[in-house]
Amino acid sequence: MSTVAIDIQQLTKEYDNGRGCRNVTISVGKGEAFGFLGPNGAGKSTLVKMLVGLTAPTSGSATLFGEPIGSLSAKQHIGYLPELYRYQEWLTGEEVVQLHSRLCGMDQSTIKPRIKQLLDQVGIGKRGTDRVKHYSKGMQQRLGMACALVNDPPILFLDEPSSALDPIGRLEVRALLKQLKQEGKTIFLNSHLLEEVESLCERIALLNNGEILRHGQISQVLYTQAKWRFKVAGFTPEILPWLNETSGISIERLSSTSSASTLLGGQDTVWLEAVVDNEEQVGWLNTLIVNQGMTLYHVEPVKERLEEWFMDAVSGLSHRGEQ
Amino acid sequence: MTTVIGMTWKELMRKKVVLMTMIMTVLFIIVFSFIARILGNTAGVDSSQQLINQFMTGASIVTLGFFFGSFILAFLIIFSSFSSISGEAEISMMQSMLSRPIQRWKWYLGRWLGYTLFGIVYALVLYTAIVVIANIYATVPQSLGLHVQSFLLFALTVPLLVTVTLLGATFFSALGNGVFMTMLYGAGWLGGMVEKLSAGADMKPEMARSLYNITGMISLVMPADAIQRKMLAVMLNIDQLAGMFNVDEQMRGGMGLGQIPSATFVVYTSMYTIILFLWGMRRFYKKDF
């Protein structure tokens, strides 16, 4: 089996109303978790639908483990959890999973223990014998996960897998996804829950108005600049230009409303933020601060959250949203 | 494909529309039995004229039975299948299943066969019930050959309605398709009624011609009612009796047979069904979900 699980080349889907996505090129390795982000209406679901064979591309190509998308052989490799779905409410949870196993052409003599194990794994358990019409949204989402996993697929396409779940359910799904990743499954994750993407994925791509805006390793995306923060007391505004000049490092005081505080002894503290090239510069800055008679209370690296990155990437840009 | 057929049957067995149809069927059989008994008691068996009267009573009973029976059959077919494609796509149910390794044409054919076979079994039960009840209280033709032919014609409306409904589901939303099919079937029924009633009315030739053209065109688009008239004509052996007395003349008042479609019309209906089926399958195959 190829080491490239998903290979997308210039894939385009154009609708008459101008929606869809254009010239998307992404490659996802076997066993990799890939996060696909974008505002509502960016074209994320369109791309996933093309990859799972539900929508025909206007141009471009893509393969799943070397098999062209839409072919039966490509579909053998995938499990798909659509967004905002409902299952046959006249069936029980077990029957829904069994139906999917039949559609996958699985051996029915061995499927029963697997269905039970899957329903336990996603937290449905004995309620698998209830009709789906009695399931909450969260239960349906769990059932969707069980259906996506029934054929033990090497690639999982998950469109908002935990959007309808409560916080406990989200943690459980997140744990399940991590376990699946450890088992070597390739995960293509569409999610608005950026924390989920950040905790699971190695790489991400950001889609806006149907085009890839940014993509890369999550570690590179989130740590493009090494920033450190210093909590100090005894700071005077005149010291800042001196610190900048002496250290050769870009240092600024964080806005007074968010950074200033008063310690128990009545001493005022402020936060300083420095953009450094390496950790030696952090040590050098420590020394300068202390030598200037200031008291250093706390030093920490600044970790940019994916949410901030996302907002930074799409702010100021027009995006078509759900219009 | 057997999985899809099985899924369709399970859906039909558990959906409320089938329960509603069964309740309607039971109520219909009770009321129909009651009416058949009243009508049957009015006929005697002594003279040849009374023999004709008895035949006409039987004809009236089966005509009445199939008039309402075809409604119930259409109700089952249309309301159980109108949301099968677009409705399933609207709630992403279709997407999760079509991403499985199954050919789309197999899916479509499986759904079509599921609805059609179920409908034909139900049509057989309904047909048998109507004929047996009519036979208890009056005389209806006993020829097995005639019954086989007329049942096949009665059952022909099942694949026709399933085909048009599934085709509609590739164009319209679930709700839109339900409305479309109800209006289409209603138009076919209305066209048939107009044709039956106008058969005995005194009309100028040009007006009658225009009316026949309109009802003919409606029958071409929705041939269900015309096929039902053909079915009754075959069952009552109208062709054979035509030289003896005018059956239609004695069954006026909305219960007559009106213009009886030719065998060519049956062929047309079969071809129409096949073409629409292939069209629906092609649309489904090409459809983006």
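Chain A of this predicted model splits into two domains: domain 1 covers 4–222 and domain 2 covers 226–302. Measure between their C-alpha centres and you get 46 Å between domain 1 and domain 2 of chain A.

Now for the side of chain A that touches chain B. Here 27 residues of chain A are in contact with 19 residues of chain B. Three elements of chain A give two or more residues to that side: helix 2 (72–75), strand 6 (78–81) and helix 3 (93–103). Helix 3 of chain A gives the most, with four residues.

Helix 3 of chain A also packs against helix 4 (residues 108–121) of chain A, with the axes 10 Å apart and an angle of about 130° between them. Angles over 145 degrees would count as roughly antiparallel and 65 to 115 as roughly perpendicular, so helix 3 of chain A is oblique to helix 4 of chain A. Their crossing is right-handed.

Who meets whom in this pair? From helix 3 of chain A come A:Gly93, A:Glu94, A:Val97, A:Gln98, A:Ser101 and A:Arg102, and they meet A:Gln108, A:Ile111, A:Ile115, A:Leu118 and A:Leu119 in helix 4 of chain A.

Here is the make-up by class of both contacts:

| Contact | Nonpolar | Polar | Charged |
|---|---|---|---|
| Side of chain A that touches chain B | 16 residues | six residues | five residues |
| Helix 3 of chain A with helix 4 of chain A | five residues | four residues | two residues |

So helix 3 of chain A turns up twice: it gives four residues to the side that touches chain B, and it packs with helix 4 of chain A.

Conventions
Residues are numbered from 1 along each chain as its sequence is written. Chains are lettered from A and ligands numbered from 1 in the order in which they are written. This is a predicted model: local features need pLDDT of at least 70, side-chain atom pairs count only at pLDDT 80 or more; totals for chains, interfaces and linings use all residues. Two residues are in contact if their C-beta atoms, placed from the backbone, lie within 7 Å. Ala, Val, Leu, Ile, Met, Phe, Trp, Tyr, Cys and Pro count as nonpolar, Asp, Glu, Lys and Arg as charged, and the others, Gly among them, as polar. Axes are lines fitted to C-alpha atoms, for helices over the stretch in contact, and angles run from 0 to 180 degrees between N-to-C directions. Angles under 35 degrees count as roughly parallel, over 145 as roughly antiparallel, 65 to 115 as roughly perpendicular and the rest as oblique. A crossing is left-handed if the near helix is turned anticlockwise from the far one by less than a right angle, and right-handed if clockwise. Domain bounds come from an automatic or database domain assignment.
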